[in-house]
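Hi,

Here is the structure I promised to pass on. Have a look at it first, and then read my notes underneath.

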Amino acid sequence: MKFIHISILFIFCSVIIGLLPDLFRYTISQNNKQNSPALVLYVNDITQIDGFIIVGNFKIPVSLARNETERIKGLSGTHSMPNKYGMFFIFDSSDYQSMWMKDMLFPIDIIWIDEDYKIVHMEKDISPDTYPKIFTAPIKARFVLELNAGMSTDYNLQTGNSISLELK
């Protein structure tokens, strides 16, 4: 009888431990809707700087997504990104690059850049609620820059602007 009680307790604890990550993710998701500042302690935020995008007089610190795994993850599940930072996606070749807001927790601006480092298309203030909509530039691009919503306006980014990439 004691063995059965211990077995049931073990199974119960295993189930609870197995559910904790999902419960934690749900709690974070619910708290994020209330803009809870305590969340920063528990959720991955983008703070790694791999280089800079230079456009006009602005130098934008960026984290790079250089391979398939990093490009698929992107900013998904990230609670926030510092206001002046960005994520720069480097694709293997120019193509009609598509982006979506899967598991995004904050709105962004998406900027498509061709192989000559010219901005060819922009989508501004894209909400996480747009998922599963897919955003694709009508022109082939080799790079994509994601910024917090409104930052493309603050940086005065426009189609046709040239950028340069400075790696650390």
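Below is what I found, going from the sheet to the salt bridges and then to one serine.

One thing before you start: this is a predicted model.

**The sheet**

Start with the open sheet, which is built from seven strands in the order 6-5-8-3-2-1-9, with mixed pairing. The edge positions go to strand 6 and strand 9; each has a single partner strand, so one side of each has no neighbour in the sheet. From one strand to the next, the twist averages 30°.

Two of the pairings are worth a click. At one edge, strand 5 (residues 108-113) and strand 6 (residues 119-126) run antiparallel and are joined by five bridges. If you want a pair to find your way by, Ile-110 sits opposite Glu-123 of strand 6. These two strands make a hairpin with five residues between them, and in that hairpin Tyr-117 has a positive phi near 65°.

Strand 2 and strand 3, on the other hand, run parallel, with four bridges between them. Here you can look for Leu-64, whose bridge partner in strand 3 is Phe-88.

**The salt bridges**

How many salt bridges are there? The count comes to three.

Glu-166 and Lys-59 make one of them through their side chains, at 3.1 Å from N to O. Since Glu-166 belongs to strand 9 (residues 164-167) and Lys-59 to strand 2 (residues 58-65), this pair ties together parts that are 107 residues apart in sequence. As for accessibility, Glu-166 is partly exposed with a relative accessible area of 33%, and Lys-59 is partly exposed too, at 45%.

Next, go to Arg-71. The side chain of Arg-71 meets that of Glu-68 in a salt bridge (3.4 Å, N to O). Both residues are in helix 2 (residues 68-73), and because they are three residues apart there, about one helical turn separates them.

Arg-71 also forms a salt bridge with Asp-92, where the closest N and O atoms are 3.7 Å apart. This pair links distant parts of the chain: Asp-92 is in strand 3 (residues 86-95) and Arg-71 in helix 2, 21 residues apart. Because these salt bridges share partners, Glu-68, Arg-71 and Asp-92 are joined into one network.

Is Arg-71 buried or exposed? Arg-71 is buried, since its relative accessible area is 12% and the cut-off for buried is under 20%. Asp-92, by contrast, counts as exposed, at 65% relative accessibility.

**Ser-98**

Last stop: Ser-98, which you will find in strand 4 (residues 98-100). Which residues does Ser-98 touch, leaving aside its neighbours within four places in sequence? They are Ile-134, Phe-135 and Thr-136.

Thr-136 deserves a second look. Ser-98 and Thr-136 are 38 residues apart along the chain, and their C-alpha atoms are separated by 4.4 Å. Their side chains also make a polar contact, at 2.6 Å. Ser-98 itself counts as partly exposed because its relative accessibility is 40%, and partly exposed covers the range between the 20% and 50% cut-offs.

Cheers

Technical notes
Residues numbered from 1 in each chain as written. Predicted model: local features only at pLDDT ≥ 70, side-chain atom pairs only at ≥ 80, totals over all residues. Heavy atoms only, no water. Buried < 20%, exposed > 50% of the residue type's maximum accessible area, 1.4 Å probe, protein only. Contact = heavy atoms within 4.5 Å. Polar contact = N/O pair within 3.5 Å; in protein donor to acceptor, adjacent residues only side chain to side chain. Pairing = 2+ DSSP bridges. Salt bridge = Lys/Arg side-chain N within 4 Å of Asp/Glu carboxyl O. Axes fitted to C-alpha atoms, helices over the stretch in contact; angles between N-to-C directions.
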